[in-house]
Amino acid sequence: MSQTLLALVALLITMQISLVNQRSILNARVTMVDNEIETIATGAALDILDYIGSKPFDEATATGFVSNVDDLTPLPFTTGGLYEQAEDIDDFNEIQPYIYVSDYEDMGFTVEIEVHYVDEDDITQVSNTPTFSKEVVLTVSHPSLEQPITLNRVYSYP
């Protein structure tokens, strides 16, 4: 009888060790998938920032050289536009939510964009008047992300 009881205890201990091991493997895989999704989201954000940077700095600079900040687009920037119709950097300000589709199936990221003029001497400070520097703040979200990815980049003219 005692041998049966010892065998049962040994079986329970083995099952507990197996369960802990399986849970550890599962947690490692979930962490790996979360990290992969964050990497894909960050890549999407950088791709979008590169695309925005390929656009003219301002509507006024698209047709020629501008040397006076008063010739730049005045505040407030327009909002509610479409990603595909943006012709210069400030046109991306608060566009309608854009879905960035990655190379992976079912991995569409929702993108929100804000554009601000920033102080040229301290680019961490938002300016209430036009300057030759604009900051783009990009937020990428997805249901599988624990929290949205936010990146920013400052574009300067010329």
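Two strands count as paired here if DSSP finds at least two bridges between them. Keep that in mind as you move through this predicted model.

**Stop 1: the sheet.** Select strands S1 to S4. They form an open sheet in the order S1-S2-S3-S4, with antiparallel pairing. S1 (98-101) and S4 (149-156) stand at the edges; each has a single partner strand, so one side of each lacks a neighbour in the sheet. Look along the sheet for its twist, which averages 30° from one strand to the next.

**Stop 2: S2 against S3.** Now select residues 108-117 and 133-141. These are S2 and S3, antiparallel strands joined by eight bridges. Show His116 and you will find Glu135 of S3 opposite. Then pick Ile113, whose bridge partner in S3 is Leu138.

**Stop 3: S3 and its surroundings.** Stay with S3 and turn on the surface. Is this strand enclosed or open to the outside? Seven of its nine residues are buried, so S3 is largely enclosed by the rest of the structure. Next, bring S4 back: S3 and S4 pair over eight bridges, again in the antiparallel sense. Within this pair, Val136 stands opposite Arg153 in S4.

**Stop 4: the helix.** Add H1, which covers residues 2-53. The helix lies across S1, S2, S3 and S4, and runs at about 20° to S4.

**Stop 5: a nonpolar patch.** Finish by selecting Leu5, Leu8, Val9, Leu11, Leu12, Ile13, Met15 and Ile17, which make a nonpolar surface patch of about 780 Å². Zoom in on Ile13, a residue of H1. Its relative accessibility is 46%, so Ile13 counts as partly exposed.

Notes
Residues are numbered from 1 along each chain as its sequence is written. This is a predicted model: local features need pLDDT of at least 70, side-chain atom pairs count only at pLDDT 80 or more; totals for chains, interfaces and linings use all residues. Side-chain values use heavy atoms; hydrogens and water are left out. Patches are made of residues with over 30% relative accessible area and no salt bridge: like charges are joined within 9 Å, nonpolar side chains (Val, Leu, Ile, Met, Phe, Trp, Tyr) within 5 Å. Accessible areas come from the Shrake-Rupley method with a 1.4 Å probe; for residues, only the protein chains shown count as cover. A salt bridge is a side-chain nitrogen of Lys or Arg within 4 Å of a carboxyl oxygen of Asp or Glu. Helices (H or I, at least four residues) and strands (E, at least two) are DSSP runs, numbered from the N terminus. Buried means under 20% relative accessible area, exposed over 50%, partly exposed in between (1.4 Å probe, protein chains only). Axes are lines fitted to C-alpha atoms, for helices over the stretch in contact, and angles run from 0 to 180 degrees between N-to-C directions. Contact means heavy atoms within 4.5 Å.
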